[in-house]
Amino acid sequence: MLKLLNIINKEHNKFVESHPNGDLLQLTDWAQSKRLTGWYSRRIAAGNENGEILGTAMLLFKKVPKTGSTLCYISRGFVCDFNDRRLVEFMLEESLKIAQDENAYAIKIDPDLPLEPHRDTIEFLKALGFRHRGLQDGMSKDNIQPRQTMVSRIDKDDKELLQSFERNNRTKVRNAVRRGTVVYKAERDELKKFVELMKETGERDGFLTRDITYFESLYDHLNPNGHMELFLVKLIPEDVSVSLQKDLMKVEKDIGRAEKKKGGSKKENQLKDLENRREKLSKQLVEIEVIKQEHPDGIVLSGALFAQSGHKSYYLYGASSDSHREYLPNHNMQFEMMKYARDNGAKTYDFGGVSVSPKQDSPHFGLWQFKKVWGTEVSEKIGEFDYVINKPLYTLAEVGVPMFQKGKIKVNKLLKGRNKRR
């Protein structure tokens, strides 16, 4: 017989971290961090008569402006065995009681369940009264969380991990490691540097960035329990200089060997390539000397907020500078974060949402290209579901408002187009 259990936050988090369907977004730490953006939370735990925890759910609520209603969002929940149909029914029943108490117009869920083994779960949830929002593209704005993400298996040693990457990416990672950048776990006060990089990235890639208070809230709630770390990558001029000098000496030796070979087009082409390489290295040495004078302690080139929940780790937010990209700081950082995650018990590393195999002219093509080279596979989930409680308000909030916003965007584009033609 199933019943509600009264458990503390620590017990809730422990269950989420250990469950195959658990996720970072179901931790109490995550719920507390969302208070800054207007969400508040309640939670439930289901168990048997012996007090064994069988399922948990963190219910997030946000008030709908100018109404007395809320939206109930159980992000990446429920955390339970979805093959236990009675348990899922019980979780819904108890969640519905709380949602009605909070005057919610709907309950929204998007379980962390892989699609192929759980196609029948879609039909089961629909039979319970849920509306399935479809198998949306991973970058679709119609879902709150991406349905498709790229995930790497990282439970392997350094050599095997590196070998799992695509060939060209292995070369880039090796080059990044030896080019004089250092990846380090930063402290809270260095979030300012990360936010500066985020602004630079947003301007370059055309997206709005969040205020530092958002990242401080995430860090303050998730870091104390080991669920988040800030990583930064610094260019160390002295180390770069040593690396470049070694490379230049090698090129000089290669030129000497090539000059001793018999003449011919092959020799000429080899010498031309080596001389171009020597010129490039000499130019980089001059540049690094300038950097050494201006920034003797080094320059932070990129950063990321890394998160972990049990056996799952996440590349949550990333940012990088427009400068000195030839040192491949992101490649060094990703490899180091994957190793850090593995050493702290993670088996998977989630790079986040993607549009799978988009066309080259797609705005999402570059993201797909970057994420697919890390030994990743597409993690395709069953999608988002809505349990409607107040149909008129649901229709207004989920259909009417989005249609109005899309219409407003189209009108603004038309007006801008007319102004340009004048």
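This is a short talk on a few features of one predicted model: a sheet, a residue inside it, a pair of helices, and one residue in a further helix.

I'll start with the sheet. It is an open sheet of seven strands with mixed pairing, and the order runs E1-E2-E3-E4-E5-E14-E6. At the edges stand E1, residues 3-4, and E6, residues 131-132. Each of those two has a single partner strand, so one side of each is left without a neighbour in the sheet.

Helix H1, residues 9-18, packs on this sheet. It touches strand E2, which is 39-47, and strand E3, which is 53-63. The direction of H1 makes about 110° with that of E3.

Further along the order, take E4 and E5. Strand E4 covers residues 70-74 and strand E5 covers residues 104-109, and they pair in the parallel sense over four bridges. If you want a pair to find on the screen, the bridge partner of Ile-74 is Ile-109 in E5.

Now back to E3, and to Thr-56, which lies in that strand. Is Thr-56 buried or exposed? Thr-56 is buried, because its relative accessible area is 0%, and the cut-off for buried is under 20%. What is Thr-56 in contact with, once its neighbours within four places in sequence are left aside? The contacts are Ile-7, His-12, Phe-15, Val-16, Gln-26, Ile-44, Ala-45, Phe-78, Val-79 and Met-91. Of the elements I have already named, H1 spans residues 9-18, and His-12, Phe-15 and Val-16 are among the residues that Thr-56 contacts.

Next, the helix pair. Helix H3, residues 85-101, packs with helix H4, residues 119-127, at an angle of about 45°, and their axes are 12 Å apart. That angle makes H3 oblique to H4. The crossing of the two helices is right-handed. On the H3 side the residues are Arg-85, Val-88 and Glu-89, and in H4 they meet Asp-120, Thr-121, Phe-124 and Leu-125. By type, the residues of this contact divide into three nonpolar, one polar and three charged.

Last, Glu-160. This residue is found in helix H5, residues 158-163. Glu-160 has a relative accessible area of 45%, so it counts as partly exposed. How far apart are Glu-160 and Lys-372, in sequence and in space? They are 212 residues apart in sequence and 17 Å apart in space, C-alpha to C-alpha.

That is the end of my part.

Note on methods
Residues are numbered from 1 along each chain as its sequence is written. This is a predicted model: local features need pLDDT of at least 70, side-chain atom pairs count only at pLDDT 80 or more; totals for chains, interfaces and linings use all residues. Side-chain values use heavy atoms; hydrogens and water are left out. Axes are lines fitted to C-alpha atoms, for helices over the stretch in contact, and angles run from 0 to 180 degrees between N-to-C directions. Angles under 35 degrees count as roughly parallel, over 145 as roughly antiparallel, 65 to 115 as roughly perpendicular and the rest as oblique. A crossing is left-handed if the near helix is turned anticlockwise from the far one by less than a right angle, and right-handed if clockwise. Contact means heavy atoms within 4.5 Å. Ala, Val, Leu, Ile, Met, Phe, Trp, Tyr, Cys and Pro count as nonpolar, Asp, Glu, Lys and Arg as charged, and the others, Gly among them, as polar. Two strands pair if DSSP finds at least two bridges between them. Buried means under 20% relative accessible area, exposed over 50%, partly exposed in between (1.4 Å probe, protein chains only).
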